[in-house]
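Here is a quick tour for someone meeting this structure for the first time. Have a look at it, then read on.

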Amino acid sequence: MSGAVEIAKGIHLVGVKDPGLTLFDDLFPTAFGTTYNAFLVRGATHTALIDTVKGKRFEELMDNIRSVIDPSQIDYIVVNHSEPDHSGSLAKLVKACPQATVVSSQAARTFLGNQIHAPFESKIVKDQDTLDLGGRTLRFIAAPFLHWPDTMFTVVEGEGVLFSCDAFGSHYAGEGAFADEMPDFSGETRFYYDCIMRPFKDRILQAVEKLDGIELTLVCPSHGPVYRKEVRKPIELYRKWSVPKAGGKRIAIFYLSPHGNTESMAEAVARGASLPGVVVTQCHINHASVADIRDLMEESDALIFGTPTINRDIPKPMWDVLAYLSTVSLKGNIGGIFGSYGWSGEACRMAEDRLKGMNFKLPHPFVRTPFMPKPEVMAECEALGRAIAEEVLKK
Ligand SMILES: Cc1cc2nc3c(=O)[nH]c(=O)nc-3n(C[C@H](O)[C@H](O)[C@H](O)COP(=O)(O)O)c2cc1C
């Protein structure tokens, strides 16, 4: 239902739209569906297809390609990233175009080998390598971890056409091909960044810097609309969202406390951590938004978690907070744990396992106590806070 659209002379958008999709990757809600963008780039002598579409939509991709050229004329299939929403049609495509060479990073080639258990012609490219299509040259720009280790951008040299893979994308299946033809979808661009790109802020800044010297005319992400006006806008937004906030040393204490005991311990931890030069924030997780919690995680040099034991477990709201750790770009990996319990007290050990699993350094053993903390336990909580603050100040 999508059809091919010529977005520049000899460059066609041949991907497909999926406006009915409500949940992407079984993980992220998509209120406006999505698109799987693929692009046909024709030179005087050779033709390249940039990315494919998800496997179930292969026939529509082929129809779109056929409306422009005979698929047997495709010489190269560039895989900017091997995730199946972009490479899922590759196995069928290499059968349909046996003369085509698959061009990718080494990492993508390895991942494709684990997805397509059949041989295919392959060419590995590195950062800044080029590929001649006859009067038109593709340049490859390594962009690792945007958002998989294999990712690269492809640029049509001298024409400023950037195929940016998942970077700058949006789950938004609007009418037409271009961003300026559609209602404002900037909320979807931000949501996409938060869901997919946010854990890789350092890598984003490195990749965006590589685009600085290129005069861009079109920015073509692999999801959502293509930018032909204000083409630098999504790139500059990525830079803005990824630059670390300036400021002194910060420690955040996340806790919840049905009966107030863990809260008392949190106050003692905060007292201990409040050394000169350290700003301590106590965050009752049920009184903060997810966005606030994730921002606080990213701004803080150390994260301390206070959790009671409920039904022999960490209570779900705290598990959720511990899960956010893998969805943000952490500034530091210093941590601590404390909490009250009644009779079995499993939660602190579980939280410790989670933090160790995330490579956290724990300068002080966790502090836990049955029910109401005694003065000596409060002193231990202060010592925990102080040990963490001292560790933060060393950095
Ligand atoms: C619904 C519920 C279930 C609980 N289950 C456990 C448990 O399995 N093991 C345990 O050691 N304590 C359990 N407790 C006791 C709490 O951990 C204890 O009351 C603790 O002091 C609560 O900390 P808080 O005052 O910070 O809320 C449970 C408490 C509640 C309310």
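## A pair in the sheet

Start with one small link: Leu303 has Gly335 in E20 as its bridge partner. Leu303 belongs to a parallel pairing, in which 5 bridges join strand E19 (residues 302-306) to E20. Strands here are DSSP runs of E with at least two residues, helices are runs of H or I with at least four, and both are numbered from the N terminus. Two strands pair if DSSP finds at least two bridges between them.

Before going further, note that this is a predicted model, where local features need pLDDT of at least 70, side-chain atom pairs count only at pLDDT 80 or more, and totals for chains, interfaces and linings use all residues. Residue numbers start from 1 along each chain as its sequence is written.

## The whole sheet

Zoom out, and E19 and E20 turn out to sit in an open sheet of 5 strands, ordered E18-E17-E19-E20-E21 with parallel pairing. At the edges are strand E18 (278-284) and strand E21 (367-370), each pairing on one side only. From one strand to the next, the twist averages 10 degrees, taken between N-to-C directions of axes fitted as lines to C-alpha atoms, on a scale from 0 to 180 degrees.

The UniProt record, an unreviewed entry, annotates residues 251-389 as "domain: Flavodoxin-like"; such annotations may be inferred rather than shown by experiment. That span is 42% helix and 21% strand, and its end C-alpha atoms lie 7 Å apart.

## Around the ligand

Which residues come nearest to the ligand? They are His259, Asn261, Thr262, Pro308 and Gly342, out of 18 residues around it. A residue counts as near if its C-beta atom, placed from the backbone, lies within 6 Å of the molecule.

Helix H8 (261-273) and strand E20 (334-341) each supply at least two residues of this shell. By class, the shell has 6 nonpolar, 11 polar and 1 charged residues. Here Ala, Val, Leu, Ile, Met, Phe, Trp, Tyr, Cys and Pro are nonpolar, Asp, Glu, Lys and Arg are charged, and the others, Gly among them, are polar.

## A helix and another strand pair

Now for helix H1 (residues 58-66), whose buried residues are Glu60, Leu61, Asn64 and Ile65. Seen down the axis of H1, they fall within an arc of 140 degrees, so they line one face of the helix; the arc is that of the directions from the helix axis to the C-beta atoms. The face turned away from the buried side carries the exposed residues Glu59 and Arg66. Buried means 20 or more other C-beta atoms within 10 Å of a residue's own, exposed means 12 or fewer, and partly exposed is in between, with C-beta atoms placed from the backbone.

In strand E16 (residues 218-221), Leu218 and Cys220 point one way, Val219 and Pro221 point the other way, and all are buried. In a regular strand, side chains alternate between the two faces of the sheet. Strand E15 (residues 161-165) runs parallel to E16, joined by 4 bridges, and Val161 stands opposite Leu218.

## Backbone oddities

Two non-glycine residues have positive phi: Asp25, near 55 degrees, and Asn359, about 65 degrees. Asp25 lies in the loop between strand E4 (23-24) and strand E5 (28-29), and Asn359 in the loop between helix H11 (347-357) and E21. Asp25 counts as exposed because it has 12 C-beta neighbours inside 10 Å; Asn359 does so with 9.

Finally, the peptide bond from Leu146 to His147 is cis, with omega near 10 degrees. His147 is found in the loop between strand E13 (137-142) and strand E14 (152-156).
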